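Welcome, and please get your viewer ready for a short walk. At each stop you will hear what to select and what to look for there.

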Amino acid sequence: MLNNIRKQLFTTSSLLPKFNSFKEVHNLPYKKLSVVQMQELLNKVNAGDWKIQGEGQKIRKELKFNDFIQAFSFMNSVAIVAEDMCHHPDWFNVYNNVHINLNTHDVSGLSIRDVILAFAINEIQQQAKKPQGLNDVSYLNQQAILSKWNSL
């Protein structure tokens, strides 16, 4: 019965804020998400390939690119969005591999900020797969990412 009440009170769509700039994400309130909420939100925004770890303390993704230049260009593009959001990933890069951990230190776990950044990272990864790729960092299309997010 308690689970049914929780399901009725929680709707994933109510947690998906709309915004015009990644800089607006910084103003979102901090609210820790449960593992169930986090998984529902990741699935809703097509970021279900992120793995929840540490009993909901972080989400993780490992990516492989064609070469170092493509991997580092990807990281540059993510850095631009992360800086605008004031929400920075824990990550490392070895040649063409990038390992990313996201969490919200202020809640000692996961928040909507992690969902938004995971979504943006997945969109940037998709841009990197296009023929022109991300070798030119100016190719990062933040408006396309924001538009897609706002349509969810």
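Start by selecting Glu 62 and Arg 60, whose side chains meet in a salt bridge with 3.1 Å from N to O. A salt bridge here is a side-chain nitrogen of Lys or Arg within 4 Å of a carboxyl oxygen of Asp or Glu. Side chains of opposite charge can pair when their charged atoms come close. Arg 60 counts as buried, at 18% relative accessibility. Buried means under 20% relative accessible area, exposed means over 50%, and partly exposed lies in between (1.4 Å probe, protein chains only).

A word on what you are looking at: this is a predicted model, in which local features need pLDDT of at least 70 and side-chain atom pairs count only at pLDDT 80 or more, while totals for chains, interfaces and linings use all residues. Residues are numbered from 1 along each chain as its sequence is written, and side-chain values use heavy atoms, with hydrogens and water left out.

**The whole chain**

Zoom out and colour by confidence. The pLDDT is the predictor's confidence in each residue, from 0 to 100. Its mean over the chain is 85, and 84% of the residues reach 70 or more. Over residues 1–11, however, the pLDDT is below 50, and this stretch has three contacts in the model beyond near neighbours in sequence. Contact means heavy atoms within 4.5 Å.

Now switch to a cartoon. You should find five helices and four strands, running α-α-β-β-α-β-β-α-α from the N terminus on. Helices (H or I, at least four residues) and strands (E, at least two) are DSSP runs, numbered from the N terminus. Of the 152 residues of the chain, 47% count as buried.

**Strand β4: His 99 and Asn 101**

Go back to Glu 62 and select His 99, in strand β4. The side chains of His 99 and Glu 62 are joined by a polar contact of 3.4 Å. A polar contact is a pair of N or O atoms within 3.5 Å; within protein, one must be able to donate a hydrogen and the other to accept it, and residues adjacent in sequence count only if both atoms are side-chain atoms. His 99 is buried, at 16% relative accessibility. Not counting residues up to four places away in sequence, His 99 touches Arg 60, Lys 61, Glu 62, Asp 90, Trp 91 and Phe 92.

Next, select Asn 101, also found in strand β4, which covers residues 97–102. Which side chain does the side chain of Asn 101 meet in a polar contact? The partner is Arg 60, at 3.0 Å. Asn 101 is buried, with a relative accessible area of 16%. Leaving aside neighbours within four places in sequence, the contacts of Asn 101 are Lys 58, Ile 59, Arg 60, Pro 89 and Asp 90.

**Asp 49 and Lys 61**

Select this pair for another salt bridge, with the closest N and O atoms 2.6 Å apart. Asp 49 lies in the loop between α2 (35–44) and β1 (51–53) and Lys 61 in strand β2 (residues 58–64), so the pair ties together parts that are 12 residues apart in sequence. Lys 61 is buried, with a relative accessible area of 6%, whereas Asp 49 is partly exposed at 36%.

**Helices α4 and α5**

Move on to Glu 123 and Lys 148, which form a salt bridge whose closest N and O atoms are 3.1 Å apart. This pair links distant parts of the chain: Glu 123 in helix α4 (residues 112–129) and Lys 148 in helix α5 (residues 142–150), 25 residues apart. Glu 123 is buried at 15%, and Lys 148 is partly exposed at 39%.

Stay in helix α5 and select Ile 145. Is Ile 145 buried or exposed? At 1% relative accessibility, Ile 145 counts as buried. Not counting residues up to four places away in sequence, Ile 145 touches Phe 22, Phe 119, Ala 120, Glu 123, Ile 124, Gln 127 and Leu 140. Ile 145 and Phe 119 are 26 residues apart in sequence and 8.5 Å apart in space, C-alpha to C-alpha.

**Last stop: a surface patch**

Turn on the surface and select Phe 68, Ile 69, Phe 72, Phe 92, Val 94 and Tyr 95, which form a nonpolar patch with about 600 Å² of accessible area together. Patches are made of residues with over 30% relative accessible area and no salt bridge: like charges are joined within 9 Å, nonpolar side chains (Val, Leu, Ile, Met, Phe, Trp, Tyr) within 5 Å. Accessible areas come from the Shrake-Rupley method with a 1.4 Å probe; for residues, only the protein chains shown count as cover. The elements giving two or more residues to the patch are α3 (68–85) and β3 (90–94), and α3 gives the most, with three. End on Phe 92 in strand β3, which is partly exposed with a relative accessible area of 42%.
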